Amino acid sequence: MSYDVLLRCGWLVDPENGIDGPRDIAITGGRVVEVAERLDESESGRLIDAGDRTVIPGIVDTHVHVGGFGGRERSVGHRMVAETGVTTVLDMGSKLSTLTEGMAADGAGLNVASLLSSTAAFGGKQDPDDAEITAAIEAELADGAFGLKLLGGHIPLTPDATARCIEVANRIGVYVAYHLGTTESSSNLHGLRELPALLGEEGRLQVAHVAAYCRGMIEPPLQECEEAIAILGDLRGRVVSESYLSTQVGGGNATSGHCDGDEVADQVTRNCLAMKGYEPTRVAMRKAILDGYCTVYVTRAGRSLLIGGEEAVEAWESAGTQIGVSFAVTPAESAVALMMARHEDGQFVIDALATDGGGIPRNWMVERGLAMVRLGAITLADYVRKASLNPARMLGLDRKGQLGAGADADVTVLDLDRGTATMALAGGRPIMVDGEVVGERGTLLVTAAGEQAALAAGLDAEVVDPAQASMYRAAVA
């Protein structure tokens with residue numbers, strides 16, 4: 001046979017290759033080898049017929065938590081992501097051993113890159129020096145990490161230490177992402193205002209979930225969005241960014257319910273309580289749960305979900321408050337305004353859609369993204385750019401985000417009428433069919449230093465050069 005697999009598409013949308021029409025895709029060895037309006041199915045070992053569905057390059061979510069969340073030993077997030085049609089994810093700060101163990105045992109065939117959390121890297125220390133930062137990053141790279149996540153919003157470093165982390169990560173040449181906030185700012189517009197000074201003249205990174213800084217804590221939400229867009233516009237070419245469509249309706253954030261004695265420990269949780277006039281105390285936290293403002297994450301039947309009321313209080317207290325919680329705090333107008341914002345040349349200010357999902361039950365890349373298409377806020381080609389092409393470029397994955405000859409055969413099949421994904425392939429292999437996950441294990445995306453660790457964990461490994469990430473490419477363009 002000439003091809004391993006022939007994917008018969010009802011309609012292919014691939015803006016990188018200028019395709020918007022009926023096509024067939026021939027796949028061999030996990031790569032695309034030919035794209036044409038009609039290919040001979042007798043030349044393939046297997047025919048996958050997408051019927052009248054729309055086919056796009058596999059969706060890349062650059063902000064998830066699939067390696068454990070809210071005190072759980074092993075995340076349920078792999079399958080929760082894969083069932084929505086996503087094929088590649090960037091895990092933001094899980095414990096690497098937990099992620100790889102869960103991936104080997106409960107994986108869903110996803111491509112997964114993982115960032116080391118600054119909290120884990122420095123053991124809660126707020127002011128690590130250059131040597132400590134370098135040692136932590138290099139050790140985790142050898143274990144299979146892709147880079148570093150600064151968890152400023154929840155457990156912040158000092159401004160000087162934050163700037164040092166960015167500089168060291170950039171000097172080593174690894175991926176670095178930042179949940180904004182330091183000991184002198186917070187996870188709000190003040191954190192974003194602080195960013196240019198932290199970056200200095202040369203700093204480069206991914207700004208995580210921009211909508212989280214535009215919740216109306218400092219100024220009215222749309223005014224905050226305007227300032228956020230201006231700041232990111234000034235940093236164009238030096239930062240990449242993503243934002244979510246998780247809102248006050250049917251959504252929420254994800255943070256920690258932990259209390260240290262009678263005080264709420266996490267800074268984001270304290271911010272959320274303050275937004276509605278609650279004190280940052282254990283008593284006020286309990287009241288916020290009973291009032292329905294705060295909900296609690298639990299795992300049932302292999303899925304993470306949110307519960308409220310007395311049941312949630314019992315779960316929170318039974319866990320010794322070491323459990324994930326959520327507040328519905330992001331205004332819809334902020335989420336949509338940031339998603340639509342463009343530079344003067346028509347390119348998006350916020351590069352990518354993301355979910356902050358995974359084991360957090362808000363994996364809405366398809367559902368809410370296609371809702372924006374139906375509303376006319378963006379075109380379907382724009383959606384592909386924000387959900388597939390741009391996030392792949394952010395991570396330096398040139399063979400993803402597009403389906404030209406030589407590309408990875410990562411594919412998402414969409415039912416536009418229902419606003420859902422009906423199939424997903426990773427490397428030419430189905431990982432989800434009609435909402436049922438059929439993939440297993442997965443591929444860990446690593447630097448050259450981590451390849452052997454990934455293989456030793458029983459996973460497939462793909463070596464990626466972080467220097468190809470768009471934040472670094474822009475430095476030499």
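Student: Which helices and strands each supply at least two residues of the lining of the second largest pocket?

Tutor: Happy to start there, and do keep in mind that this is a predicted model. The second largest pocket has a volume of about 530 Å³. The elements that each give at least two residues to its lining are helix 7 (221–234), strand 14 (239–243), helix 13 (380–394) and helix 15 (470–476).

Student: Where does the largest share of that pocket's lining come from?

Tutor: The lining has 27 residues, and those closest to the pocket's centre are Gln347, Phe348, Asp351, Asn390 and Ser470. The largest share amounts to 6 residues, and its source is helix 13.

Student: How many residues of the lining of the second largest pocket are charged?

Tutor: Let's go class by class. The nonpolar residues number 11 and the polar ones 8. That leaves the charged class, with a count of 8.

Student: Now for the enclosed spaces: what volume does the largest cavity have?

Tutor: Searching the whole structure turns up 2 cavities of 30 Å³ or more. The largest of them holds about 60 Å³.

Student: Which residues line the largest cavity?

Tutor: By class, the lining has 6 nonpolar, 2 polar and 1 charged residues. You can find them in your viewer as Tyr244, Leu245, Ser246, Leu353, Ala354, Thr355, Arg362, Trp364 and Met365.

Student: And how many residues lining the second largest cavity are polar?

Tutor: This cavity has a volume of about 30 Å³. Its lining is made up of Ser118, Thr119, Gly124, Lys125, Gln126, Ile155, Pro156 and Leu157. Of these, 3 are nonpolar and 1 is charged, while the polar count is 4.

Student: Why are helix 5 and helix 6 called oblique to each other?

Tutor: Two packed helices are described by the angle between their axes and the distance between the axes. Helix 5 (residues 159–172) and helix 6 (residues 189–199) have axes 9 Å apart and pack at about 60°. Roughly parallel means under 35 degrees and roughly perpendicular begins at 65. The angle fits neither class, and therefore the pair counts as oblique.

Student: Is the crossing of helix 5 and helix 6 left-handed or right-handed?

Tutor: Handedness is a separate description of this pair. As helix 5 passes helix 6, the crossing is right-handed.

Student: Which residues of helix 6 does helix 5 meet?

Tutor: From helix 5, the contact involves Pro159, Thr162, Ala163 and Ile166. By class, the contact between the two helices has 5 nonpolar, 1 polar and 1 charged residues. On the helix 6 side, the partners are Glu194, Leu198 and Leu199.

Terms used: Residues numbered from 1 in each chain as written. Predicted model: local features only at pLDDT ≥ 70, side-chain atom pairs only at ≥ 80, totals over all residues. Heavy atoms only, no water. 1 Å grid on protein atoms, 1.4 Å probe; cavity = no way out; pocket = protein on both sides within 12 Å on 5 of 7 lines; lining within 4 Å. Points joined across faces, edges and corners; volume = space filled by probe spheres on them. Nonpolar A, V, L, I, M, F, W, Y, C, P; charged D, E, K, R; others polar. Axes fitted to C-alpha atoms, helices over the stretch in contact; angles between N-to-C directions. Helix = DSSP H or I, 4+ residues; strand = E, 2+ residues; numbered from the N terminus. Parallel < 35°, antiparallel > 145°, perpendicular 65-115°, else oblique. Left-handed = near helix turned anticlockwise from the far one by under 90°. Contact = heavy atoms within 4.5 Å.
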